[in-house]
Amino acid sequence: MITQVRPSQPVTIGALAPLTRPGWVEAGRHLLAGLELAVGEVNDGGGIGGRPLELMVRDTAADPRRAAAAVDELAQLGVAAVAGEYHSVAARAAAARADALGLPFLCSSAVLDALTEEQTEWVARLSPPQSHGWRIYADFLLGAGHSRIAVATEPSVYWASGVRILRDHLAPRGGTVIELDARVLTPAAVCDALVDHRATALLLLVGFPEPAVSIVRSVRRDQRLTETMIGAPAGQPEFAAWATSLGGDSAAIPFLRYLPGHLGPLGARVATALRERLSEEPSFVAFEGYDTVTVLAEVLRSRGTDRARIAASWPHVAVEGTRGPIRFSRTPGISVWQSARTPVQVVDRDPAEPSRLRIRHAG
């Protein structure tokens, strides 16, 4: 009699990513590429105690309701933890449901400070909080000589938080933030407002491709604004679609990127693998995806798949990531376990070669 050997039951992780519009699909694709690459490497190395690691991927489309529903579904399907998400509004909804259900959630890329309303033991985050990155961006603006800064905004808790961070950081240093409602003003009217307010910089706190593309083109073609700097702190210019949509106009628009000046051996190896998988340069979001699975795999190997034990492990994590050591701690004003010392850069696309990124400032 031949006994059939059944494969080991997989250890499953839920993965949230914006894979359809109105989500930032390119960011979702990079995030998923990083997650999947790391899962493949974990399984090539023997999995989790001999059990394969698997992702259950759910598309949030940047919709908070879809994100919360996905967490409910994944919890019922028995995942050990949930990972991922790029958009802060979707991640906040996912974090709230994970906290309510007692499901560990390691957020990869969303930066909103208030990821949960109250302090939680269940949620940890790899990306730096918005207040940290955007203060560094504000310092870059001041260092570049910009003190009258206009922001073109749309309604969003994320954009509103960004405006508040900029204003609170710039005001004591002599800076002024002028809000322009992109729902009401046409791109031409935005240009007029920049002239009227004597703003020397315009930050795009709006959706892509529209109205961001139209605003950039309008400002670039307005002879009154040839010295006006355009910025996009949320990082839209990181992705190839930005350069594809705007061509030469895509350059010299500084944004935040969470990478070190130089990658170590692990980061360089992963960058090569991601480049092959994506057929383009990997964004910082792809590295965040890879590091997310690296952390969870280490926790699952050492603590098992019990959800409470996974959540209890956040303050004990000590993992080498693609961008440096990963550890979580409590940060004042942040309600989740926060990864410390994440590198922050302000970069832009080189006008001479828009496919090449230049580091303008590091914090």
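## Exercises on helix packing, a cavity and odd backbone spots

A search of the whole structure turns up one cavity of 30 Å³ or more. This is a predicted model, in which local features need pLDDT of at least 70 and side-chain atom pairs count only at pLDDT 80 or more, while totals for chains, interfaces and linings use all residues. Residues are numbered from 1 along each chain as its sequence is written, and side-chain values use heavy atoms, with hydrogens and water left out.

**Exercise 1. Work out the volume of the largest cavity and list what lines it.**

Start with the term: on a 1 Å grid over the protein atoms alone, a cavity is a set of points where a 1.4 Å probe fits but cannot get out, and lining residues have an atom within 4 Å of a point. Volume here is the space filled by probe spheres set on the points, with grid points joined across faces, edges and corners.

- Step 1: the volume comes to about 70 Å³.
- Step 2: the lining consists of L126, D291, R323, G324, P325, I326, S339, A340, R341, T342 and P343.
- Step 3: strand β12 (residues 324-326) gives the most, with three residues. Strands are DSSP runs of E with at least two residues, helices are runs of H or I with at least four, and numbering goes from the N terminus.
- Step 4: sort the lining and you get five nonpolar, three polar and three charged residues. In this scheme Ala, Val, Leu, Ile, Met, Phe, Trp, Tyr, Cys and Pro count as nonpolar, Asp, Glu, Lys and Arg as charged, and the others, Gly among them, as polar.

**Exercise 2. Describe how α10 packs against α9 and against α1.**

Two packed helices are described by the angle between their axes and the distance between the axes. Axes are lines fitted to C-alpha atoms, for helices over the stretch in contact, and angles run from 0 to 180 degrees between N-to-C directions.

- Step 1: the axes of α9 (residues 265-278) and α10 (residues 284-303) come within 11 Å and cross at roughly 115°. So α9 is roughly perpendicular to α10, a label that covers 65 to 115 degrees; under 35 is roughly parallel, over 145 roughly antiparallel, and the rest oblique.
- Step 2: α9 passes α10 in a right-handed crossing, meaning the near helix is turned clockwise from the far one by less than a right angle (anticlockwise would be left-handed).
- Step 3: on the α10 side, A286, F287 and Y290 make the contact, where contact means heavy atoms within 4.5 Å. The residues of this α9 contact with α10 split into eight nonpolar, one polar and one charged.
- Step 4: now take α1 (residues 25-44), whose axis and that of α10 come within 7 Å and cross at roughly 35°. The α1 and α10 crossing is right-handed. Contact residues include G34 and A38 of α1 and G289 and V293 of α10; the full set holds twelve nonpolar, four polar and two charged.

**Exercise 3. Find the unusual backbone spots and place each one.**

Most residues other than glycine have a negative phi, and most peptide bonds are trans.

- Step 1: R21 to P22 is a cis peptide bond, with omega near 10°. P22 sits in the loop between β1 (11-17) and α1.
- Step 2: F208 and P209 are also joined by a cis bond, omega about 10°. Look for P209 in the loop between β8 (201-205) and α7 (212-221).
- Step 3: A252 isn't glycine, yet its phi is positive, near 55°. A252 belongs to the loop between α8 (240-246) and β10 (255-257).

How values were computed
On a 1 Å grid over the protein atoms alone, a cavity is a set of points where a 1.4 Å probe fits but cannot get out, and a pocket is an open set with protein on both sides within 12 Å along at least five of seven lines; lining residues have an atom within 4 Å of a point.
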